[in-house]
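The exercises below ask you to read a fold from its elements down to single residues. Each task is followed by a solution that goes step by step.

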Amino acid sequence: MTEGTVIFEPAVSLETLATLSEGHIAYVKQIRSEDVPGLFPQAPQIAPGLKLFALHAADGTPIMLTDSREAAIANAWSNELETVSVH
């Protein structure tokens with residue numbers, strides 16, 4: 001058995017991520033209702049302790065807020081955005 005070479009790729013910068021697919025990539029992130037004012041300052045006050053889902057553009061810009069992951073993905077599709085998983 002031979003040993004392989006491991007190559008570490010650098011993390012993708014926000015600038016690079018923002019230019020991927022010319023603005024057609026988005027991701028869904030689970031958030032708590034306590035995080036809403038920081039991401040969506042125009043949103044009405046929401047009770048604390050709720051699990052919500054935010055749709056974000058590839059550069060991290062928040063697009064929309066909903067109470068289900070499926071609704072966030074459906075909104076992305078209706079706006080011709082490809083959703084990707086990020087970890």
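A residue is called buried if its relative accessible area is under 20%, exposed if over 50%, and partly exposed in between, with a 1.4 Å probe and protein chains only as cover. The model is predicted, so local features need pLDDT of at least 70 and side-chain atom pairs count only at pLDDT 80 or more, while totals for chains, interfaces and linings use all residues. Residues are numbered from 1 along each chain as its sequence is written, and side-chain values use heavy atoms, with hydrogens and water left out.

**Exercise 1. Describe the surroundings of Ser33.**

Step 1. Helices (H or I, at least four residues) and strands (E, at least two) are DSSP runs numbered from the N terminus, and in these terms Ser33 sits in the loop between β1 (25-32) and α2 (36-39).

Step 2. Is Ser33 buried or exposed? Its relative accessibility is 3%, and Ser33 therefore counts as buried.

Step 3. With contact taken as heavy atoms within 4.5 Å, and with neighbours within four places in sequence left aside, Ser33 is in contact with Ile46, Ala47, Pro48, Gly49, Leu50 and Leu52.

Step 4. A polar contact is a pair of N or O atoms within 3.5 Å; within protein, one must be able to donate a hydrogen and the other to accept it, and residues adjacent in sequence count only if both atoms are side-chain atoms. The side chain of Ser33 makes such a contact with the backbone oxygen of Ala47, at 2.7 Å.

**Exercise 2. Reconstruct the sheet from its strand pairs.**

Step 1. The protein has three helices and four strands, and from the N terminus on its elements run α-β-α-β-β-α-β.

Step 2. Two strands pair if DSSP finds at least two bridges between them. Strands β1 and β2 run antiparallel and are joined by seven bridges; Gln30 has Phe53 as its bridge partner in β2, and Arg32 has Lys51.

Step 3. Strand β2 (residues 51-57) also pairs with β3 (residues 62-66), again in the antiparallel sense, over four bridges, and Leu55 has Met64 as its bridge partner in β3. These two strands form a hairpin with four residues between them, and Gly60 in the turn has a positive phi of about 95°.

Step 4. What is the order of the strands? The sheet is open, with four strands in the order β3-β2-β1-β4 and mixed pairing. Because β3 and β4 stand at the edges, each with a single partner strand, one side of each is left without a neighbour in the sheet.

Step 5. Strand β2 is mostly covered, since five of its seven residues are buried.

**Exercise 3. Work out how α3 packs, and which residues form the cores.**

Step 1. The buried residues of α3 are Ala72, Ile73 and Ala76. Seen down the helix axis, they fall within an arc of 95°, taken over the directions from the axis to the C-beta atoms, and so they line one face of α3.

Step 2. The face turned away from this buried side carries the exposed residues Glu70, Trp77 and Ser78, whereas the cover over the buried residues of α3 includes β1, β2, β3 and β4.

Step 3. A nonpolar core is a set of buried Ala, Val, Leu, Ile, Met, Phe, Trp, Tyr and Cys residues joined through side-chain atoms within 4.5 Å. The largest has nine residues, namely Ala26, Val28, Phe53, Leu55, Met64, Ala72, Ile73, Ala76 and Leu81; α3 gives the largest share, three residues.

Step 4. Another core lies apart from it and has five residues, among them Ile31, Val36, Phe40 and Ala54.

**Exercise 4. Characterise the loops on either side of α3.**

Step 1. Asp67 lies in the loop between β3 and α3, and is exposed because its relative accessible area is 60%.

Step 2. Which residues does Asp67 contact, leaving aside its neighbours within four places in sequence? They are Lys51, Leu52 and Phe53; Asp67 and Lys51 are 16 residues apart in sequence and 7.0 Å apart in space, C-alpha to C-alpha.

Step 3. Glu80 lies in the loop between α3 (69-78) and β4 (82-83), and is exposed, with a relative accessible area of 65%.

Step 4. Most residues other than glycine have a negative phi. Glu80, although not a glycine, has a positive phi of about 55°.
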